Amino acid sequence: MASATEQQDAAAATWPYRDPKLPVEQRVEDLLGRMTIEEKAGLMFQDIIVMGPGGQLSTEYNPHFGVPPTDVQVGEKLMSHFNLLGPVHNVRETAEWSNRLQQRALETRLGIPVTLSTDPRHHFADNIGTGFNAGALSQWPETLGIAALQSTELVERFAQVAREEYLALGIRLALHPQVDLATEPRWSRIGRTFGEDAELSARLAGAYIAGFQGPELGPNSVSTMTKHFPGGGPQKDGEDPHFHYGKEQVYPGGNMEYHLIPFKAAIAAKTSQMMPYYGVPVGTKYEEVGFAFNKGIVTELLRGELGFTGIICTDWGLVTDAKIAGQDMPARAWGVEHLSEMERVLKIIEAGCDQLGGESRPELVVKLVREGRVPESRIDESVRRLLREKFVLGLFEQPFVDVDAAVKTVGKEEFMKAGMDAQQRAFTLLTNKNNTLPLPQSRRRVYLEGIDPAIAAGYGIQVVGKPEDAEVALLRLKAPHEARPGGFESKFHSGSLEFPAQEKARLATICTAVPTIVDVHLDRPAIMPELASSATALMVSYGSSSEAFLDVVLGKAAPEGRLPFDLPSSMSAVEASRSDVPYDTAEPAFRFGHGLRYAGNLSKE
């Protein structure tokens, strides 16, 4: 005779929501009707999750990031949306872990599968708050570099490759694209945008979403969460609202509408989800509270005026004080700091958000309902949207991945070559005196900075220790910034865009001693008119390997990039510009769209 548990499992297997032949809406309503308020509340939270050793589920509390054991997240808090922390280095272990996570979710009462999400992980930057380096996945330039090529076809191809690699690992939600506009040159998050131009960003956003989601959202899709509504670019003094001193979002040019253009394109492309930013709109018609707390922004503008019907998930950590990378981080409850944790959750729900990112506090939603402060019918609105996406993605039918197929797919040669090709093409040539580039094969005594000498040796280059002993110098530099303290805060490059005076003098000495080729990695628009004047050739890049750089310098590949933003001529020009207005710095050193070819012609005036 079957046990009581076996009988319950057999009965559950016949519940209508488990039948793939039924319409999605019918399955959603059936499952919703079976859920307790605790199960509904668990669905409304999405938080970080970590892998345990060897691809096992984590069984210990992670104090560095405040992450509880997986069994607590899934089994006690009844959560089923998680953001994977850290780069993927071992594909097999990651795929096996993904399957173990789904198996644990299936063991809950209703067996609701996990939606696994990720910040960008196909590039070079590595910041716990914004994305991870490629690790075992194919490696591409940052989205700024893809934007520098101004090709919707390339963007869609990148997104298709990323989708295949995500699907192989069990990742079904991309916490991107980031379609904020780089109108404030000092902002630390420009590197993952498509640049300064709203129309270009809009075109590329549509291609990006099409590549990830496909013709329509379904079992072969990765859902996209477009961010940060209504545009995170115009930050006061360029400071980022992850931190209290950057919470003000300003519109001195009255140009909020310009920042909405890429989001309108994302909605037209049917992005499945949206994320409001942390910032507080200052001097507008909207309440001066963070965007996710702001009913005027979420319900009236995003849902009402723009007609968005998908999932709205807050940015991470709006309710609970936390520790990130060892640094104490207060909740980003800007404008509502005086509210209790439960009151913050209430205001987020009343604003119209469906899910709270970076939080694991379903008990607060349960308490709000039980105290009669939020009707359960309002919770049902959000849970319907969240459940519907799980059904549409096919997670109830196929939550597991094929581990062997994942090993063959992630980082396969075709994808790696496509990423390298994009790295090479994205280089943007700003100056090239006397058509010095590409370098002739005869120049082989080279002074290097920022390039692995062992890699250079593979190109037949003889590395010398002093500029005066070289025939040419090759320098790879990072865009300047002013260092900030803290394990988390230090990851955000902020402050001045100029090289310090001492560094300018050092670079000028090298340029005087030997013909010097300089490449500057731009995560923000650097100010470098002196370098443009003294260097023999000046390039900029947006995430690339030493091999990609050497291939371009030696003529094995050619630069095709165009600047995705203006490069200012001085900090005084930046400080005088309006943070919400594009191309607003006086007399920029180089304009949006500038880029030379090796023939010496501008690709665009």
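The following exercises, with worked solutions, concern helix packing and aromatic pairs in a predicted model.

Residues are numbered from 1 along each chain as its sequence is written, and side-chain values use heavy atoms, with hydrogens and water left out. Local features need pLDDT of at least 70 and side-chain atom pairs count only at pLDDT 80 or more, while totals for chains, interfaces and linings use all residues.

**Exercise 1.** Classify the packing of helix 11 against helix 12 and describe the contact.

*Solution.* Helices are DSSP runs of H or I with at least four residues, and strands are runs of E with at least two, numbered from the N terminus. Axes are lines fitted to C-alpha atoms, for helices over the stretch in contact, and angles run from 0 to 180 degrees between N-to-C directions.

Step 1. The axes of helix 11 (residues 341-351) and helix 12 (residues 362-370) are 10 Å apart, at an angle of about 80°.

Step 2. Angles under 35 degrees count as roughly parallel, over 145 as roughly antiparallel, 65 to 115 as roughly perpendicular and the rest as oblique. Helix 11 is therefore roughly perpendicular to helix 12.

Step 3. With contact meaning heavy atoms within 4.5 Å, helix 11 contributes Glu341, Met342, Val345, Leu346 and Ile349, and helix 12 contributes Leu364, Val365, Lys367 and Leu368.

**Exercise 2.** Determine how helix 15 is oriented to helix 19, and name the contact residues.

*Solution.* Step 1. Helix 15 (residues 413-426) and helix 19 (residues 546-553) have axes that come within 9 Å and cross at roughly 50°. Helix 15 is thus oblique to helix 19.

Step 2. Met420, Gln423 and Gln424 of helix 15 meet Glu547, Ala548, Asp551 and Val552 of helix 19.

**Exercise 3.** Assign the geometry of the pair Trp140 and Phe158, and state whether each residue is buried or exposed.

*Solution.* Step 1. Rings of Phe, Tyr and Trp (its six-membered ring) pair if their centres lie within 6.5 Å; planes under 30 degrees apart count as stacked, over 60 as edge-to-face and the rest as tilted. The ring centres of Trp140 and Phe158 are 5.1 Å apart with planes at 65°, so the pair is edge-to-face.

Step 2. Trp140 lies in the loop between strand 3 (115-118) and helix 6 (143-148), and Phe158 in helix 7 (residues 152-169), 18 residues apart.

Step 3. Buried means under 20% relative accessible area, exposed over 50%, partly exposed in between (1.4 Å probe, protein chains only). Trp140, at 1%, is buried, and so is Phe158, at 2%.

Step 4. Both residues belong to one aromatic cluster with Tyr166, Phe194, Tyr208 and Phe212.
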